Amino acid sequence: MKKIASKSGFTLIEMLATLLILVFLILGIDTGMDSAVRVYDEAKFEANSASMANIVNTSLGDILRYSDNLTVAEENTSFKDSAGTIVPNVEFVFTNYEYGVRDAYFSLKDSANKEDGILRMRNLENGNVVELVNTGAYPDMKIGDFHLEYKALGKDEDGNTTGGYFTVKYTVFSKKDSNLTKEVQCIIRCMNRV
């Protein structure tokens with residue numbers, strides 16, 4: 001009988017100690033996995049947002065660099081659409097026949113006039129909306145805080161030509177994690193006389 005009792009297995013304390021060690025191991029692995037996933041998501045967002053910003057900036061450059069008929073709103077005036085409604089926050093309109101836009105401005109609103117974070121060109125006269133780039137360029141991201149300024153051509157006090165460029169600023173936001181953002185700024189010089 002004594003032989004059977006000596007081979008009886010683990011005691012309750014040994015079993016609890018083993019379970020406690022397993023719990024600590026699982027917690028450590030879980031913490032490590034959370035950190036690894038967070039670092040992966042941040043790196044993926046950084047790479048994707050840089051690619052998207054490159055595509056958007058190149059597209060903006062193609063359109064604005066060769067645009068014609070740039071019309072800047074005069075001080076204390078605003079542009080109106082074909083229905084006579086004032087279009088807020090539009091400082092200038094442009095025409096680019098190659099892209100099929102005339103008296104257009106940039107907007108983050110879709111055809112239903114809802115802001116969805118995709119940059120588009122909207123014709124002032126007829127309200128037609130043309131996407132700047134395909135929506136596939138926005139993998140789990142959106143654009144916000146879009147601002148575009150034009151510095152008119154001029155001369156400085158020494159007679160040197162100044163201006164003739166656009167300054168573009170916007171923020172790329174992650175749709176999955178509101179903490180992931182990227183500020184983007186670029187300058188686009190005009191090739192056509194505007």
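## Exercises on a predicted model

Asn-134 is exposed, its relative accessible area being 57%. The structure used throughout these exercises is a predicted model.

**Exercise 1.** Determine where Asn-134 sits in the chain, and justify its class of exposure.

*Solution.* Begin with the secondary structure: Asn-134 is placed in the loop that runs between β5 (129-131) and β6. Next, compare its accessibility with the cut-off, which for an exposed residue is over 50%. Because Asn-134 has a relative accessible area of 57%, it is classed as exposed. Finally, consider a residue from elsewhere in the sequence: Ile-55 is 79 residues away from Asn-134 along the chain, while the C-alpha atoms of the two are separated by 10.0 Å.

**Exercise 2.** Describe the overall fold, and decide whether the protein is compact or spread out.

*Solution.* First, count the elements, which gives two helices and ten strands. Read along the sequence, these follow the order α-α-β-β-β-β-β-β-β-β-β-β. The protein is more spread out than a compact globule, because its radius of gyration is 29 Å, well over the 16 Å that the globule rule gives for 194 residues. The dimensions can then be set beside this result, since the C-alpha trace spans about 105 × 45 × 30 Å along its principal axes. As a last step, turn to burial and contacts: buried residues make up 31% of the 194 residues, and among contacts with a separation of 6 or more, 48% are between residues 24 or more positions apart.

**Exercise 3.** Identify which residues touch the most other members of the largest nonpolar core, and trace the elements that supply this core.

*Solution.* Start with the membership, which comes to 35 residues, of which Val-56, Phe-94, Phe-106 and Leu-119 touch the most other members. Then assign the core to secondary structure: at least two residues each are supplied by α2 (12-65), β2 (92-96), β3 (101-109), β4 (115-123), β6 (141-151), β9 (165-174) and β10 (181-189). Of these contributions, the largest share is that of α2, with seven residues. For a closer view, take Phe-106 and leave aside its neighbours within four places in sequence; its contacts then include Leu-60, Ile-63 and Leu-64, together with Phe-94, Leu-119 and Phe-146. Last, look beyond this core, where a second, separate core of six residues includes Val-87, Val-90, Val-93 and Leu-124.

**Exercise 4.** Compare the settings of Asp-103 and Asp-140, each of which has a positive phi.

*Solution.* Take the backbone angles to begin with: phi is near 50 degrees for Asp-103 and about 55 degrees for Asp-140, and neither residue is a glycine. Then locate each residue, finding Asp-103 in strand β3 and Asp-140 in the loop between β5 and β6. Finally, consider accessibility, for which the cut-off for burial is under 20%. Asp-103 counts as buried because its relative accessibility is 18%, whereas Asp-140, with a relative accessible area of 38%, is partly exposed.

**Exercise 5.** Work out how Met-15 and Tyr-150 are placed, using one separation for each.

*Solution.* Met-15 lies in helix α2 and is partly exposed, having a relative accessible area of 43%. From Met-15 to Gly-154 the separation is 139 residues in sequence and 83 Å in space, C-alpha to C-alpha. Tyr-150, for its part, lies in strand β6 and counts as buried at 17% relative accessibility. Between Tyr-150 and Phe-94 there are 11 Å in space, C-alpha to C-alpha, for a separation of 56 residues in sequence.

**Exercise 6.** Characterise the surface and the charges of the protein.

*Solution.* Begin with the accessible surface, which comes to about 13000 Å², with 53% of it belonging to carbon and sulfur atoms. Then consider the charged side chains, of which 21 are positive and 27 negative, the centres of the two sets lying 9 Å apart.

Notes
Residues are numbered from 1 along each chain as its sequence is written. This is a predicted model: local features need pLDDT of at least 70, side-chain atom pairs count only at pLDDT 80 or more; totals for chains, interfaces and linings use all residues. Side-chain values use heavy atoms; hydrogens and water are left out. Helices (H or I, at least four residues) and strands (E, at least two) are DSSP runs, numbered from the N terminus. The radius of gyration is taken over C-alpha atoms; the globule rule is 2.2 Å times the number of residues to the power 0.38. Buried means under 20% relative accessible area, exposed over 50%, partly exposed in between (1.4 Å probe, protein chains only). Contact means heavy atoms within 4.5 Å. Accessible areas come from the Shrake-Rupley method with a 1.4 Å probe; for residues, only the protein chains shown count as cover. Lys and Arg count as positive and Asp and Glu as negative; His and the chain ends are not counted. The place of a charge is taken as NZ of Lys, CZ of Arg, CG of Asp or CD of Glu. A nonpolar core is a set of buried Ala, Val, Leu, Ile, Met, Phe, Trp, Tyr and Cys residues joined through side-chain atoms within 4.5 Å.
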